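Welcome! Here are some short exercises for getting to know a new structure, each followed by a worked solution. Have a look at the model first, then try each task before reading on.

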Amino acid sequence: MRKRKWTDDDMLDCESLEELERLYGDQAYFGEVLDGYMDQYAEVFDNYVSKRADVAEFGVHRCASSTYLLRRCANLHSWEISRKHYTAHAALMALAEGRWNLHYGDSRGANLPLVHTLFIDSAHTYDQMEAELDHAHPRVSKYIILHDTTTSWWIGHGHSIGIGPAVRDFLAATPQWKEEERFWPAPGMMVLSRV
Ligand SMILES: C[S@@+](CC[C@H](N)C(=O)[O-])C[C@H]1O[C@@H](n2cnc3c(N)ncnc32)[C@H](O)[C@@H]1O
């Protein structure tokens, strides 16, 4: 039986981050089955995010990655340009117990604190990825994790050039960073590490 697609309002009934993570994981988030989509967040964040670390995030949308990150880090600093999913943001804020700093603004001008890890999942275009990496990498001490590296590698949002060539150009021009690991199943994630 097809499950009901849940809405941002359903998040207001969640009483813990664990419960919210289960809600995303049950696939009804998408209104259809997308096997392993959220499992990839869990696998990658379990491996690269530390409970004692501060993490930054570009692109919040309905808070799926924010929820998975908040369960695995000390403090999360997120940038999101749109208030469309304000209800989702308010629901997560209530569960985050002061550990979530949400900034409404453009990631390309983010006033980043020094963080251990940065997760990038905003507009998937060459220009956006180039600007975000150039702007943020000096403030990141260990890992930059990229989302949708399989689905948006060659072709990005609006049929633009995808994020892949921007990542390759960044790595070629910035020897302080290297590719650490790539997770291929769609949507795909890539981890860059400071050398
Ligand atoms: C793919 S969604 C993020 C999904 C989210 N990480 C999750 O797991 O649910 C992309 C988000 O990036 C936001 N965004 C796009 N351009 C941005 C920018 N320049 N600065 C900050 N956020 C941006 C969009 O508004 C959208 O909510």
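**Exercise 1. Find the bridge partner of Phe58 in E2.**

Solution. Keep in mind that this is a predicted model.
Step 1: Look along E2 for the residue bridged to Phe58, and you arrive at Trp79.
Step 2: Now look for the residue of E2 opposite Asp54, which is Asn75.
Step 3: Put these pairs in context: strand E1 covers residues 54–58, runs parallel to E2 and is joined to it by five bridges.

**Exercise 2. Work out the strand order of the open sheet.**

Solution.
Step 1: Walk across the seven strands, and you read E3-E2-E1-E4-E5-E7-E6, with mixed pairing.
Step 2: Check the two edges. Strand E3 (100–104) and strand E6 (177–183) each have a single partner strand, so one side of each has no neighbour in the sheet.
Step 3: Add the twist, which averages 20 degrees from one strand to the next.

**Exercise 3. Is E2 largely enclosed by the rest of the structure, or largely open?**

Solution.
Step 1: A residue counts as buried if 20 or more other C-beta atoms lie within 10 Å of its own.
Step 2: Five of the six residues of E2 are buried, so the strand is largely enclosed by the rest of the structure.

**Exercise 4. Describe the place and surroundings of Phe170.**

Solution.
Step 1: Phe170 belongs to helix H7, which spans residues 163–173 and lies across strand E5 (140–147), E6 and strand E7 (189–194). The helix runs at about 145 degrees to E6.
Step 2: Count neighbours: because 18 other C-beta atoms lie within 10 Å, Phe170 is partly exposed.
Step 3: Leaving out residues up to four places away in sequence, Phe170 touches Glu130 and Leu133.
Step 4: Asp134 is 36 residues from Phe170 along the chain, yet their C-alpha atoms are separated by 7.7 Å.

**Exercise 5. Explore the largest nonpolar core.**

Solution.
Step 1: This core has 45 residues, and among those with the most contacts inside it are Val55, Leu69 and Ile144.
Step 2: Follow Ile144 outward. Not counting residues up to four places away in sequence, Ile144 touches Leu118, Ile120, His137 and Leu192.

**Exercise 6. Which residues are closest to the ligand?**

Solution.
Step 1: Of the 17 residues that surround the ligand, the closest are Gly59, His61, Ala64, Ser65 and Ser107.
Step 2: Sort the shell by class, and you get six nonpolar, six polar and five charged residues.
Step 3: Helix H4 (64–70) and strand E2 (75–80) each supply at least two residues of this shell.

Terms used. Residues are numbered from 1 along each chain as its sequence is written. This is a predicted model: local features need pLDDT of at least 70, side-chain atom pairs count only at pLDDT 80 or more; totals for chains, interfaces and linings use all residues. A residue is near a molecule or strand if its C-beta atom, placed from the backbone, lies within 6 Å of it. Helices (H or I, at least four residues) and strands (E, at least two) are DSSP runs, numbered from the N terminus. Ala, Val, Leu, Ile, Met, Phe, Trp, Tyr, Cys and Pro count as nonpolar, Asp, Glu, Lys and Arg as charged, and the others, Gly among them, as polar. Two strands pair if DSSP finds at least two bridges between them. Axes are lines fitted to C-alpha atoms, for helices over the stretch in contact, and angles run from 0 to 180 degrees between N-to-C directions. Two residues are in contact if their C-beta atoms, placed from the backbone, lie within 7 Å. A nonpolar core is a set of buried Ala, Val, Leu, Ile, Met, Phe, Trp, Tyr and Cys residues joined through C-beta atoms within 7 Å. A residue is buried if 20 or more other C-beta atoms lie within 10 Å of its own, exposed if 12 or fewer, and partly exposed in between; C-beta atoms are placed from the backbone.
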